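Visitor: Could you please take me through a single part of this structure in close detail? I should like each technical term to be explained.

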Amino acid sequence: MSDLWERQPTGRFSGLSDLYARYRPDYPDEAVEFIISHCSLTPDDLIIDVGCGTGISTRVFSRRGLKLIGIEPNADMRERAEAAPVPEGGPAPSYRDGRAEATGLKDGIASLVLCAQSFHWFKPETALQEFHRILKRYGWVALMWNERNRHDAFTAAYGTVIARLPGAPSVEEPRVRAGYRLMESPLFTNAERAVFRNEQLLDQDGLLGRAFSASYAPRDPIEAERFAEALRSVFLRYQVDGRISLVYETSVFVAQRAQVQKFVAR
């Protein structure tokens, strides 16, 4: 797996918080309910959402009446999360500066550590050690990603445009593979993967916003316009009544904290 954690992931999203909050997809109800049910979560449990960004995943779980702390090292993204309206139906999430490898939280406080669209940016072994530390005795880790469904015609064509960007393959290819680091870790047991369908209905501006929210999207004006023109072209080929559907497969990896007697860091 490519070591994305070495590529200054915290700074890569600076200046993107508005696009990220407006245009990134949510997570399907079935995936969220799978995590809640599989991990036997109740309103008394605490979820730590690590690498929470603008709080998209944090609010999804908060709306279901669960308590959350979001950990996010990028101040721009964290401030956007803090400014979002409190989700109806649940307690207000709190947000803290911290990293996956050093959350700054106390031992054994969490019933679930959640990483939505973020774990591939972490140093995996060190992050999993930290998750093990902050989890309760029988706590869980859930890693979740929205990945484009390459079997859908428009989504595949959109992906072809994305793949032409110099930095895209090196970020996209390691993403879901990162989930297997959890499944293979001696710190966790009872590992399982589940996949769910997700869909994002977008107009042309929404498609452009979604594409430019990526950390690898070009920021040079000339390159950005060239990228935008390619996106407009594929949109026009597939749009129906001014809309397209971007189709995802939402992968969820879950594993339970193992009762490790002694762990020596390598």
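Guide: What follows is an account of one helix, α11. This is a predicted model, in which local features need pLDDT of at least 70 and side-chain atom pairs count only at pLDDT 80 or more, while totals for chains, interfaces and linings use all residues. Residues are numbered from 1 along each chain as its sequence is written, and side-chain values use heavy atoms, with hydrogens and water left out.

Helices (H or I, at least four residues) and strands (E, at least two) are DSSP runs, numbered from the N terminus. Helix α11 covers residues 221-238, 18 residues in total. From first C-alpha to last it reaches 26 Å, close to the 26 Å expected at 1.5 Å a residue; the expected span is 1.5 Å times one less than the number of residues.

At the N-terminal end, Asp220 caps α11, with a side-chain oxygen 3.1 Å from the backbone nitrogen of Ile222. A polar contact is a pair of N or O atoms within 3.5 Å; within protein, one must be able to donate a hydrogen and the other to accept it, and residues adjacent in sequence count only if both atoms are side-chain atoms.

The buried residues of α11 (under 20% relative accessible area; exposed is over 50%, partly exposed in between, with a 1.4 Å probe and protein chains only) are Ala224, Phe227, Ala228, Leu231, Val234 and Phe235. Seen down the axis of α11, they fall within an arc of 125 degrees, so they line one face of the helix; the arc is that of the directions from the helix axis to the C-beta atoms. The face turned away from this buried side carries the exposed residues Ile222, Arg226, Leu236 and Arg237. Covering the buried residues are, among others, α7, β6, α10 and β7.

Conventions:
Contact means heavy atoms within 4.5 Å.
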